[in-house]
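Trainee: Hi, do you have a few minutes to go through a model with me? I'd like to start with the strands.
Mentor: Happy to, put it up on the screen.

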Amino acid sequence: MSCIFCNYKDTVRKSHIIYESSDYVVFLSKRPVAKGHSILTPKNHVESFSEILDAKGLLLLAEQISDAITKAMEIDSLNIQITYGDVIKKNMPHFHIHLIPMFEYPEGKITHHIELTVEEMDEIAERIRSFI
(Lines give C-alpha, C1' and ligand atoms only; values in the text may rest on other atoms or scores of the structure.)
Protein backbone atom coordinates (compact mmCIF):
# COMPACT_ATOMS: atom_id res chain seq x y z
CA MET A 1 0.00 0.00 0.00
CA SER A 2 1.29 3.44 -0.92
CA CYS A 3 1.03 6.02 1.88
CA ILE A 4 0.36 9.57 0.75
CA PHE A 5 2.18 11.03 3.76
CA CYS A 6 5.27 8.81 3.37
CA ASN A 7 5.32 9.93 -0.26
CA TYR A 8 4.60 13.60 0.46
CA LYS A 9 7.41 14.72 -1.89
CA ASP A 10 5.41 13.23 -4.77
CA THR A 11 2.12 14.90 -3.81
CA VAL A 12 2.96 18.21 -2.10
CA ARG A 13 4.33 21.22 -3.98
CA LYS A 14 7.67 22.23 -2.50
CA SER A 15 6.43 25.81 -2.14
CA HIS A 16 3.58 24.53 0.11
CA ILE A 17 5.94 22.97 2.64
CA ILE A 18 5.97 25.22 5.69
CA TYR A 19 8.49 23.40 7.85
CA GLU A 20 10.73 20.38 7.45
CA SER A 21 13.18 18.64 9.78
CA SER A 22 14.75 15.20 9.77
CA ASP A 23 11.71 13.83 11.68
CA TYR A 24 8.68 15.94 10.67
CA VAL A 25 7.16 17.86 7.80
CA VAL A 26 4.41 20.50 7.84
CA PHE A 27 2.59 21.46 4.65
CA LEU A 28 -0.59 23.17 3.55
CA SER A 29 -3.55 20.82 3.18
CA LYS A 30 -4.55 20.06 -0.41
CA ARG A 31 -8.19 20.05 0.76
CA PRO A 32 -8.27 22.91 3.27
CA VAL A 33 -11.31 23.86 5.28
CA ALA A 34 -9.75 27.28 5.95
CA LYS A 35 -6.91 29.40 4.59
CA GLY A 36 -3.72 28.27 6.32
CA HIS A 37 -5.03 24.75 7.13
CA SER A 38 -1.82 22.77 7.59
CA ILE A 39 -0.83 19.17 8.27
CA LEU A 40 2.02 18.15 10.57
CA THR A 41 3.17 14.55 10.15
CA PRO A 42 6.15 12.36 10.98
CA LYS A 43 8.31 11.54 7.96
CA ASN A 44 8.58 7.91 9.03
CA HIS A 45 5.45 5.81 8.74
CA VAL A 46 3.69 5.96 12.11
CA GLU A 47 0.13 4.69 12.39
CA SER A 48 -0.85 5.70 15.93
CA PHE A 49 -0.04 8.23 18.62
CA SER A 50 1.46 5.47 20.79
CA GLU A 51 4.18 4.95 18.15
CA ILE A 52 5.46 8.54 18.43
CA LEU A 53 8.85 8.33 20.13
CA ASP A 54 9.01 11.99 21.19
CA ALA A 55 5.42 13.06 21.84
CA LYS A 56 6.56 16.12 23.80
CA GLY A 57 8.76 17.28 20.91
CA LEU A 58 5.90 16.72 18.46
CA LEU A 59 3.49 18.77 20.57
CA LEU A 60 6.06 21.55 21.01
CA LEU A 61 6.45 21.66 17.22
CA ALA A 62 2.65 21.75 16.83
CA GLU A 63 2.61 24.70 19.26
CA GLN A 64 5.36 26.52 17.32
CA ILE A 65 3.64 26.03 13.95
CA SER A 66 0.24 26.93 15.42
CA ASP A 67 1.71 30.18 16.73
CA ALA A 68 3.12 30.97 13.28
CA ILE A 69 -0.22 30.20 11.60
CA THR A 70 -2.09 32.33 14.13
CA LYS A 71 0.19 35.31 13.46
CA ALA A 72 0.32 34.85 9.69
CA MET A 73 -3.44 34.46 9.29
CA GLU A 74 -4.18 37.17 11.90
CA ILE A 75 -6.56 35.00 13.92
CA ASP A 76 -7.21 34.36 17.60
CA SER A 77 -8.29 30.71 17.42
CA LEU A 78 -6.91 27.52 15.93
CA ASN A 79 -8.28 23.98 16.01
CA ILE A 80 -5.84 21.07 16.45
CA GLN A 81 -7.07 17.68 15.29
CA ILE A 82 -5.01 14.52 15.81
CA THR A 83 -5.83 11.88 13.20
CA TYR A 84 -4.77 8.28 12.77
CA GLY A 85 -6.29 5.08 11.45
CA ASP A 86 -8.03 4.65 8.12
CA VAL A 87 -11.71 4.44 9.01
CA ILE A 88 -12.75 6.60 6.06
CA LYS A 89 -10.66 4.53 3.62
CA LYS A 90 -8.70 7.46 2.21
CA ASN A 91 -5.35 5.61 2.25
CA MET A 92 -4.19 7.72 5.20
CA PRO A 93 -3.35 5.30 8.03
CA HIS A 94 -0.36 7.57 8.76
CA PHE A 95 -0.56 9.60 11.99
CA HIS A 96 -0.98 13.32 11.32
CA ILE A 97 -2.13 16.52 12.99
CA HIS A 98 -4.41 19.08 11.33
CA LEU A 99 -3.75 22.70 12.33
CA ILE A 100 -6.88 24.57 11.27
CA PRO A 101 -7.20 28.36 11.59
CA MET A 102 -10.59 29.33 12.96
CA PHE A 103 -12.22 32.31 11.29
CA GLU A 104 -15.71 33.78 11.65
CA TYR A 105 -17.95 31.53 9.56
CA PRO A 106 -21.41 32.53 8.30
CA GLU A 107 -23.14 29.56 9.95
CA GLY A 108 -20.72 29.52 12.88
CA LYS A 109 -19.08 26.26 11.80
CA ILE A 110 -16.86 24.72 9.17
CA THR A 111 -19.09 23.15 6.56
CA HIS A 112 -16.94 22.24 3.55
CA HIS A 113 -13.55 22.45 1.92
CA ILE A 114 -12.50 25.67 0.25
CA GLU A 115 -10.83 26.12 -3.12
CA LEU A 116 -7.55 28.02 -3.29
CA THR A 117 -5.32 28.67 -6.28
CA VAL A 118 -1.71 27.49 -6.29
CA GLU A 119 -0.65 31.12 -6.09
CA GLU A 120 -2.86 31.76 -3.03
CA MET A 121 -1.39 28.69 -1.33
CA ASP A 122 2.16 29.80 -2.23
CA GLU A 123 1.50 33.19 -0.61
CA ILE A 124 -0.07 31.65 2.52
CA ALA A 125 2.81 29.20 2.96
CA GLU A 126 5.36 32.01 2.62
CA ARG A 127 3.49 34.14 5.15
CA ILE A 128 3.40 31.29 7.70
CA ARG A 129 7.09 30.43 7.15
CA SER A 130 7.99 34.06 7.89
CA PHE A 131 6.79 33.58 11.50
CA ILE A 132 8.72 30.36 12.21
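Mentor: One definition before we look: two strands pair if DSSP finds at least two bridges between them. By that rule β3 and β5 pair, in the antiparallel sense, over 3 bridges. Keep in mind that this is a predicted model.

Trainee: Okay, what is the strand order in the sheet?
Mentor: The order is β1-β2-β3-β5-β4, in an open sheet of 5 strands with antiparallel pairing. β1 (17-20) and β4 (77-83) are at the edges with a single partner strand each, so one side of each has no neighbour in the sheet. On average, neighbouring strands are turned by 15° against each other, direction ignored.

Trainee: What holds paired strands together, in general?
Mentor: Strands of a sheet pair through backbone hydrogen bonds.

Trainee: Right. How do β1 and β2 connect?
Mentor: Through a hairpin with 3 residues between them. β1 and β2 (residues 24-28) then pair in the antiparallel sense over 3 bridges. Y19 stands opposite V26 in β2, and the bridge partner of E20 is V25.

Trainee: And over how many bridges do β2 and β3 pair?
Mentor: Over 5 bridges, in the antiparallel sense. L28, for instance, has S38 in β3 as its bridge partner.

Trainee: How many residues of β2 are buried?
Mentor: 5 of the 5, so β2 is largely enclosed by the rest of the structure. Y24, V26 and L28 point one way, while V25 and F27 point the other way, and all of them are buried.

Trainee: What about β5, how many of its residues are buried?
Mentor: 6 of its 7 residues are buried, so to speak of β5 as mostly covered is fair. On the β4 side, β4 and β5 pair in the antiparallel sense over 7 bridges, with S77 opposite M102 in β5.

Trainee: Let me pick a residue in β3. Is I39 buried or exposed?
Mentor: I39, which lies in strand β3, is buried, with a relative accessible area of 6%. The cut-off for buried is under 20%.

Trainee: Which residues does I39 touch?
Mentor: Leaving out residues up to four places away in sequence, I39 touches F5, V25, V26, F27, S29, H96, I97 and H98. I39 stands opposite H98 in β5. The C-alpha atoms of I39 and I97 are separated by 5.6 Å, with their positions 58 residues apart along the chain.

Trainee: Switching to helices. Which strands does α2 lie across?
Mentor: α2 (residues 55-73) lies across β1, β2, β3 (38-42), β4 and β5 (96-102), and runs at about 25° to β5.

Trainee: And at what angle do α2 and α3 pack?
Mentor: At about 120°, with the axes of α2 and α3 (residues 118-129) 8 Å apart. The two helices are therefore oblique to each other, and α2 passes α3 in a right-handed crossing.

Trainee: Which residues meet there?
Mentor: A68, I69, A72 and M73 in α2 meet I124, R127 and I128 in α3. The residues of that contact divide into 6 nonpolar, no polar and 1 charged.

Trainee: Last one: where does E74 lie, and what is its phi?
Mentor: E74 lies in the loop between α2 and β4. Its phi is positive, about 55°, although E74 is not a glycine. E74 is also exposed, with a relative accessible area of 73%.

Trainee: Great, thanks for the tour!

Conventions. Residues are numbered from 1 along each chain as its sequence is written. This is a predicted model: local features need pLDDT of at least 70, side-chain atom pairs count only at pLDDT 80 or more; totals for chains, interfaces and linings use all residues. Side-chain values use heavy atoms; hydrogens and water are left out. Helices (H or I, at least four residues) and strands (E, at least two) are DSSP runs, numbered from the N terminus. Axes are lines fitted to C-alpha atoms, for helices over the stretch in contact, and angles run from 0 to 180 degrees between N-to-C directions. Contact means heavy atoms within 4.5 Å. Angles under 35 degrees count as roughly parallel, over 145 as roughly antiparallel, 65 to 115 as roughly perpendicular and the rest as oblique. A crossing is left-handed if the near helix is turned anticlockwise from the far one by less than a right angle, and right-handed if clockwise. Ala, Val, Leu, Ile, Met, Phe, Trp, Tyr, Cys and Pro count as nonpolar, Asp, Glu, Lys and Arg as charged, and the others, Gly among them, as polar. Buried means under 20% relative accessible area, exposed over 50%, partly exposed in between (1.4 Å probe, protein chains only).
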